[in-house]
Amino acid sequence: TINKRGLKMLAKNLFERNDRVCGPHAHTFAEDVMIADCFRANNVFAHDTRDEFGSERYMPFKPGHHLTYQAPKNPDNDWYSKYMKPFNLNFGLDHCSKYSVAFHYVEPKEMKRFYSIVHGLCS
């Protein structure tokens, strides 16, 4: 989630920086990573968005992937494990927050079904 001040800073720096950090013309699937890099380059740092139980609210994968994810034996070989290293990562049903905000790669029909499951609307 980006507030108005952060969005203005991002827009300004996308066009004023001469380096590749903010990359306004880059072609990549990792736009969220590039935005985070641009913020860090401008001394704006993210805060922990997990809920009070340490469960994730923003997920980079589909729900099923997060529910079955296990850290590899060598976490340095996995970008997600490296990214989550500073946090105490929950696994299984404790990984995804009941108050999840976003999942990547989820089709609208899947999201409606997942919402129904999470909020007890299925019989």
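The exercises below work through a predicted model of one protein chain.

**Exercise 1. Overall layout**

Task: State how many helices and strands the protein chain has, and in which pattern they follow one another.

Solution: Start with the count: the chain contains five helices and two strands. Next, put them in sequence order, which gives α-α-β-α-α-β-α. For the extent, take the principal axes: the C-alpha atoms fill a box of roughly 55 × 35 × 30 Å. Then turn to burial: of the 123 residues, 28% are buried. Last, consider contacts with a separation of 6 or more: 57% of them join residues 24 or more positions apart.

**Exercise 2. Arg-40**

Task: Decide whether Arg-40 is buried, partly exposed or exposed, and find the side chain with which its own side chain makes a polar contact.

Solution: First locate the residue: Arg-40 belongs to helix 2, which covers residues 31-41. Its relative accessible area is 42%. Buried means under 20% and exposed means over 50%, so Arg-40 is partly exposed. Now look at the side chain: Arg-40 makes a polar contact of 2.4 Å with the side chain of Asp-37. For a position further off in sequence, take Val-21, 19 residues away along the chain; its C-alpha atom is 9.4 Å from that of Arg-40.

**Exercise 3. Two residues with positive phi**

Task: For Asn-43 and Tyr-105, give the value that phi is near, then determine where each residue lies and whether it is buried or exposed.

Solution: Begin with the general rule: most residues other than glycine have a negative phi. Asn-43 has a positive phi, near 60 degrees. Phi of Tyr-105 is positive too, near 65 degrees. Next, find the places. Asn-43 sits in the loop between helix 2 and strand 1 (58-59), while Tyr-105 is in the loop that runs between strand 2 (102-103) and helix 5 (108-118). Finally, apply the cut-off for exposed residues, over 50%. Asn-43 has 62% relative accessibility, so it counts as exposed. Tyr-105 has 53%, so it counts as exposed.

**Exercise 4. Glu-56 and its surroundings**

Task: Explain why Glu-56 has no salt bridge with Arg-50.

Solution: Glu-56 is found in the loop between helix 2 and strand 1, and it is buried. The nearest side chain of opposite charge is that of Arg-50, at 4.3 Å. A salt bridge requires a distance within 4 Å, so Glu-56 has none. Arg-50 is still in contact with Glu-56. Leaving aside neighbours within four places in sequence, other contacts of Glu-56 include Tyr-80, His-95 and Cys-96.

**Exercise 5. His-66**

Task: Determine whether His-66 is buried or exposed, and which residues it touches.

Solution: His-66 is part of helix 3 (residues 63-68). Its relative accessibility is 1%; the cut-off for buried is under 20%, so His-66 counts as buried. Not counting residues up to four places away in sequence, it touches Met-59, Pro-60, Phe-61, Tyr-80, Gly-92, His-95, Cys-96 and Phe-103. The C-alpha atom of Glu-31, 35 residues away along the chain, is separated from that of His-66 by 20 Å.

**Exercise 6. The largest pocket**

Task: Find which element supplies the largest share of the lining of the largest pocket.

Solution: The pocket holds about 1,600 Å³ of space and is lined by 35 residues. Thr-1, Asp-32, Ala-36, Ala-46 and Tyr-83 lie nearest its centre. Helix 1 (4-16), helix 2, strand 1 and helix 4 (79-84) each contribute at least two lining residues. Helix 2 supplies the largest share, six residues.

Methods:
Residues numbered from 1 in each chain as written. Predicted model: local features only at pLDDT ≥ 70, side-chain atom pairs only at ≥ 80, totals over all residues. Heavy atoms only, no water. Helix = DSSP H or I, 4+ residues; strand = E, 2+ residues; numbered from the N terminus. Buried < 20%, exposed > 50% of the residue type's maximum accessible area, 1.4 Å probe, protein only. Polar contact = N/O pair within 3.5 Å; in protein donor to acceptor, adjacent residues only side chain to side chain. Lys, Arg positive; Asp, Glu negative; His and termini not counted. Contact = heavy atoms within 4.5 Å. 1 Å grid on protein atoms, 1.4 Å probe; cavity = no way out; pocket = protein on both sides within 12 Å on 5 of 7 lines; lining within 4 Å. Points joined across faces, edges and corners; volume = space filled by probe spheres on them.
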